Amino acid sequence: MSEQSASAAVDVAVDPMTAFTAFTDEIDCWWVRGPINFFDSARAVAMRIEPGVGGRVLEIYDEEREEALELGRITTWEPGVRLTYRSLVDDTEVDVRFESTDGGTRVRITQALVPGGEKALLFWPNVVRWLVPWCSERDRTEPTPREIAPLSIALHYEEPAAAARWLVRVFQLDSWSGIPAEGEEPSWIELHHGNVAILLFPIEGDRARNGTITDMPWAYVDDLDRHHAHAKDAGATNVSEIQQHGYRAYTAEDLEGRRWTFAQARPTMA
């Protein structure tokens, strides 16, 4: 049985109606196009929320052919106040409230398993963090998607959350996803330097602990299958075959045993 529910709240420096508009109409501007942020990252070109009760929450694959994954159907649409939708990719309901505060709006989101449901992909409490920087800059920048660069770096730490706080404070790295607070230990932390992603993971296994794996490049390629076949033929040692995790990727070792992960680039990735 899945966990029953998860919730989170973020404060944005705009009024409730603007926050509602940013959340819905402008979702493609603040949704971070990272490797695990879509159900099919290799095909995704946009995110969209259609207005009104009965509107769809969509992961767009091809605009002209109208190919998309329907993530859910809207059941409550109260501009500036509340948005609710019933998920079609798991057995949850997502409820978003927009509450006026002295400094702007508190966006409170709850994702909960519906009665009788079994599958809950509780991603929204992490995703809603991406709305904060967008609301701060939406009046000063062109409405363009947050697309990461085609090369990232994964770093392994004993305490990734503490490392993230240190890297932001000392090296002035940034994060579109927010920094974990004391006591929070997410399995995946994504920092950014410009549009380059720095992925923080916990150290796992003897191989990582003895110092042979503390960092790993992530490269996004246009044709993953062809790249994988070429790497094998040219002498790379496979660690894992191509696997699907929302993104498609494989991992291989180079001539000195350093591991590289190669993932399928999205159509929108430069």
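A residue is termed buried when its relative accessible area is under 20%. The structure described here is a predicted model. By that criterion both Phe23 and Phe98 are buried. Phe20 is likewise buried, because its relative accessible area is 2%, below the cut-off of 20%.

Aromatic contacts are considered next. The structure contains 15 aromatic pairs. In one of these pairs, the rings of Phe20 and Trp77 meet edge-to-face, with a centre-to-centre distance of 5.0 Å and an angle of 80° between the planes. Phe20 belongs to helix α1 (residues 16-24) and Trp77 to strand β5 (residues 67-78), so this contact ties together parts of the chain that are 57 residues apart in sequence. The pair formed by Phe23 and Phe98 is also described as edge-to-face, because the ring centres are 5.9 Å apart and the planes stand at 85°. Here helix α1, which holds Phe23, is linked to strand β7 (residues 92-101), which holds Phe98; the two residues are 75 apart along the chain. Ring pairs further join Phe20, Phe23, Trp30, Trp31, Phe39, Trp77, Phe98, Phe123, Trp124 and Trp130 into a cluster. The two edge-to-face pairs above therefore have their members within this cluster, because Phe20, Trp77, Phe23 and Phe98 are each part of the cluster.

Strands β5 and β7 also take part in an open sheet of 7 strands. The strand order is β1-β8-β7-β6-β5-β4-β3, and the pairing is antiparallel. At the edges are β1 (5-12) and β3 (46-49), each of which pairs on one side only. From one strand to the next, the twist averages 20°. Within the sheet, β5 pairs with strand β6 (residues 82-87) in the antiparallel sense through 6 bridges. Thr76 is placed opposite Thr84 of β6.

Several loops adjoin strands of this sheet. Gly34 is located in the loop between β2 (32-33) and β3. Gly34 is classed as buried because its relative accessible area is 0%. Although Gly34 and Ala197 are 163 residues apart in sequence, their C-alpha atoms are 8.2 Å apart in space. The loop between β4 (56-62) and β5 includes Glu63. Glu63 counts as partly exposed because its relative accessibility is 43%. The C-alpha atom of Glu63 is separated by 41 Å from that of Ala162, and the two residues are 99 apart along the chain. Glu66 is found in the loop between β4 and β5 as well. The phi angle of Glu66 is near 60°, a positive value in a residue other than glycine. Glu66 is exposed, since its relative accessible area is 72%.

A further set of antiparallel pairings involves strands β14, β15 and β16. Strand β15 (residues 248-253) is mostly covered, with 5 of its 6 residues buried. On one hand, β15 is joined by 5 bridges to strand β14 (residues 237-244), and the two run antiparallel. Asn238 has Ala252 of β15 as its bridge partner. The hairpin of β14 and β15 has 3 residues between the strands, and in this hairpin Gly246 adopts a positive phi near 90°. On the other hand, β15 pairs with strand β16 (residues 259-264), again in the antiparallel sense and over 5 bridges. In that pairing, Ala252 stands opposite Trp260 of β16. Ala252 is thus a bridge partner of Asn238 and also faces Trp260. The hairpin of β15 and β16 has 5 residues between the strands, with Gly257 at a positive phi near 85°.

At the surface, Trp166, Val170 and Phe171 make up a nonpolar patch of about 290 Å². Phe171 lies in the loop between α5 (160-170) and β11 (189-193). Phe171 counts as exposed because its relative accessibility is 52%, over the cut-off of 50%. Gln172 is situated in the loop between α5 and β11 too. Its phi is near 60°, which is a positive value for a residue other than glycine. Gln172 is also exposed, because its relative accessibility is 69%.

Methods. Residues numbered from 1 in each chain as written. Predicted model: local features only at pLDDT ≥ 70, side-chain atom pairs only at ≥ 80, totals over all residues. Heavy atoms only, no water. Patch = residues over 30% accessible without salt bridge, like charges linked within 9 Å, V, L, I, M, F, W, Y side chains within 5 Å. Areas by Shrake-Rupley, 256 points an atom, 1.4 Å probe, with all protein chains shown as cover. Salt bridge = Lys/Arg side-chain N within 4 Å of Asp/Glu carboxyl O. Helix = DSSP H or I, 4+ residues; strand = E, 2+ residues; numbered from the N terminus. Buried < 20%, exposed > 50% of the residue type's maximum accessible area, 1.4 Å probe, protein only. Phe/Tyr/Trp six-rings, centres within 6.5 Å; stacked < 30°, edge-to-face > 60°. Pairing = 2+ DSSP bridges. Axes fitted to C-alpha atoms, helices over the stretch in contact; angles between N-to-C directions.
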